[in-house]
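Biologist: I would like a close look at a single part of this model, set in the context of the chain that holds it. Please take your time over it and keep the account connected.

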Amino acid sequence: MDSSIVQRREEILAKKAKLAELKKQRELRKAESSQRQSLTGSPAREIVSPTPRRADERTRALDEYIDNILGESRPSSAQPQSPAGGRATRPTSVISASQLSSDNEAQSGPGAQYQVPLSMVDQGMQTLSLGNLTTVYETEGVDVGPPPKREKEVITYSKGVQADIEWSPRKPRGAGESESERDDSPTRSPHTPKRLSRRQKERDEEIRLQLKREIEEEIKAAQKAAEAGEVQTVSGENFPFKTLNNEELTAVENSDDFIDFVERSTKVLERALDQQLDYDILADYALGGANVDEEDEGYGSSGGKKGRRIKEIAQFWDDRWSKKRMVSDLGFSSKFPELVLASYTKNPSAPHDPDGLVQVWNLHMHDRPEYIFHAQSDILTAKFSPFHPNLIIGGAYSGQVLLWDTRAKSSPVQKTPLTGSGHTHPVYSIDIVGTQNANNIISASTDGVVCGWTVDMFSQPQEFLELTSPPPAKTDDMAVTCIAFPQSDPTYFLAGTEEGSIYPCHRYDRAGAKAGVDGRVKYGGHAAPVMSLDFHPAKGQIDLGDLVLSSSVDWSVKLWKVRPPAATGPSNTLAPGAAQQVAPLLDIAREDLVYDARWSPVKPSVFALVDGAGSLEVWDLNVDVEVPLQKVTPSENKRGALSGGMGYMKRSLNKLAWEKNEGRRVAVAGMDGVVTVFEVGSELGGVETKTEEWSGVKRLVGRLEGASEGVNGK
Amino acid sequence: MGAVAEKSPEETLAHLVRLSQKPGVQSTLILSRDNGAIVRTTGLISNSSSANPNSTLPASNETAPDSYTNGKKDTGMNSAEDVASKVWAFLTAAGNLVEGLYEEDEVKLLRLRTKKNELVIIPDCKFIHVLVHDTPPA
């Protein structure tokens, strides 16, 4: 501070000298201009005429200013007594600007540009801009002469402290704005006092900025003098570098702001990196030509084959979290089709990590999950809520139903209690049924308990239903492995069991049937636990919503036509007591355990399955009911090889999920914890479906029905 | 934002290290917006003796020496301070552009492609994240 005062004083002395010189020059010029005035004609007179008066005043002002400085009587200079007090700010600023101008030219364009003309006004070209300037000063002296002076003084001294704000981006912008204001002002009437005071404020602002810059320059120069000359030149241009010591560094890095920022920015950066791998927008097809995409679909003679192609597009694995966990469920978000969630079982070798894990992967970010969610128990099933894009529900080995929110932290925002009122056995199947405004979470555990929950209340189930095996069975117990709801009816569902049968169940009592298992019908056929059940999505011209696909570890997939719940009544009266066994329409034997089978959400005849051998098969019932159209295995990645040790088992695929909006993508995952996403060709996915495809399935079902009835009849 | 608030500094660091070691990434840089401090760098050297070595993370082994020579020859961007000041100037200019065109708008992302590199700059209210990486072979 002291040194800056000394510097300031030196500078003032310098200015004083300059002022004196200016004064001399001006007097000379005044004499000249009065001569010139007499020579020039009348048009110029109006502009020129203020000159003498202004020059007079200026001289007076300068005298007074110099007196002030000489007498060191700063307070008196701030007194409101004379217009000169206010005016005195001008010369200072002008001079400082001219002093600075060489620096400023190098520093910032806008500032320098307008300062140069200013200094020229005073030295040579009065004639053009004088008219304006004069009016300003008259009013200035009357209204608000004193304050600027005082302000200026105050600010002059406080600048040194604020030096490190200097290189913030707002400053150059500020200068630019005031410049534009200044350009405007001559076109408008300079006589409105409001306008003037505003303009004057802006000018003060400018002056302040200039002073600030000037002083900082001095301080910087003094500080950097000791250092190398090079560094000094760099510091001239808003050099944004400040060294942090270790403590500051830790403070910054531990701040929530920083952690938050890095979380977001690294995601964006990774997406940016991954995006450019897909397609380079700067590609120039005129060059090279070797990289032309040969996998363009739908064109050329072999289009038919190409439409059935399956291409692997992404594999997801996280070193930290995916290791030694198995994928227990998969699901695409319906709102954001690029997001896939995967739920995982525990990592037995990491007892301190949470057992349960859900990772949400983004197809545009390959190496890292978008979100990570935890739970205390292995997650066995999870899915995005179809009614709320932020919510994810899951079922845990502990019997809890959990709810996560992508806007919240990684632990569940809600979970059901571990008491007798809910599940006490592992929850392997969960679904959300109903409509946007009235929906329930339905969960099923292996002890046959089915509960209904609402998102708002997890403390107690809204519905509680215990499924029991119907009479012919030796025991009441029923081990439910999976449940499935038809599209059309949220009160009725199918339950697959460990023993291999599939039972229709009612959520509520209804005419002719009590809530629970409907013992009159049984879909028998599987000889081993049913691993999945899937109702036909039935979004097309013909209602195929009664078709169900089931997979089982008895190495088969079966196609069923389920009876509508109302039609079960009469058949019951015909054969009371005895459960009617319904045989599958179609029995497709596979070469391995089938863990999951799902209908395509768009193509009526297409479904996909995954098996214990690690293959994904895509079938089209219209094309072939005995051989899959396509069979692929996820690429052998290095992660799989690294974490090996389970050999054959390792490759087994547990789950599959279709992207629901377009049906172009299938995600599969299994024992090795790697999620693989495939894209299917236009014949197997995509929104356009032909009427023939629907009627084809209908005909096939009719044919199969006829055949099975024929068999039954005999 | 899920799971953000629970993240520990170590995990944040791990993210940065992993990002800097992705294939093609030459260097990364995090600046503080308040005072221009360089919080983190990878793949860049500092030409100031006063710089804190702790702020520099290890870059990927294959690309680091490569990018260093590459950077020096092609772009001259071998010092963190240099990159920082140039990015700052670029960002300021971009900010002015946006503000001049659309009021009350701001820069969210800058991607700058050169013949050899791409700069991705993410300005935020408190920090600026800069990443320099190779462009994919044409």
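Modeller: In this predicted model, the buried residues of helix α3 of chain B pack against five named strands of chain B, namely β1 (25-32), β2 (38-42), β4 (110-113), β5 (117-123) and β6 (127-134). The helix itself runs over residues 80-101 of chain B and has 22 residues. From its first C-alpha to its last, α3(B) reaches 31 Å, which is close to the 32 Å expected at 1.5 Å a residue.

The residues of α3(B) that are buried begin with B:A80, B:E81, B:V83, B:A84 and B:S85, continue through B:V87, B:W88, B:L91 and B:T92, and end with B:A94, B:G95 and B:V98. These buried residues, B:W88 and B:L91 among them, supply the side of the packing that belongs to the helix, and the strands they meet include β1 (25-32) and β6 (127-134) of chain B.

The chain around the helix can be described next. Chain B has 3 helices and 6 strands, and along the sequence these follow the pattern α-β-β-β-α-α-β-β-β. Of the 138 residues in chain B, 50% are buried, and where contacts join residues at least 6 apart in sequence, 47% of them join residues at least 24 apart. The area that chain B exposes is about 6,700 Å², with 55% of it supplied by carbon and sulfur atoms.

For a view of strand pairing elsewhere in the model, chain A can be set beside this. There, 4 strands form an open sheet in the order β6-β7-β8-β9, with antiparallel pairing. Strands β6 (379-384) and β9 (414-415) of chain A stand at the edges, and because each has a single partner strand, one side of each is left without a neighbour in the sheet. Within that sheet, β7 (residues 391-396) and β8 (residues 401-405) of chain A pair in the antiparallel sense over 5 bridges, and A:L391 has A:D405 in β8(A) as its bridge partner.

Two loop residues of chain A complete the account. A:K324, in the loop between β1 (310-316) and β2 (327-332) of chain A, has a phi near 55°, a positive value in a residue other than glycine, and it counts as exposed because its relative accessibility is 52%. A:W555, in the loop between β20 (547-552) and β21 (556-561) of chain A, likewise has a positive phi, near 65°, in a residue other than glycine, but at 41% relative accessibility A:W555 counts as partly exposed.

Notes:
Residues are numbered from 1 along each chain as its sequence is written. Chains are lettered from A and ligands numbered from 1 in the order in which they are written. This is a predicted model: local features need pLDDT of at least 70, side-chain atom pairs count only at pLDDT 80 or more; totals for chains, interfaces and linings use all residues. Side-chain values use heavy atoms; hydrogens and water are left out. Buried means under 20% relative accessible area, exposed over 50%, partly exposed in between (1.4 Å probe, protein chains only). Contact means heavy atoms within 4.5 Å. Accessible areas come from the Shrake-Rupley method with a 1.4 Å probe; for residues, only the protein chains shown count as cover. Two strands pair if DSSP finds at least two bridges between them. The expected span of a helix is 1.5 Å times one less than its number of residues.
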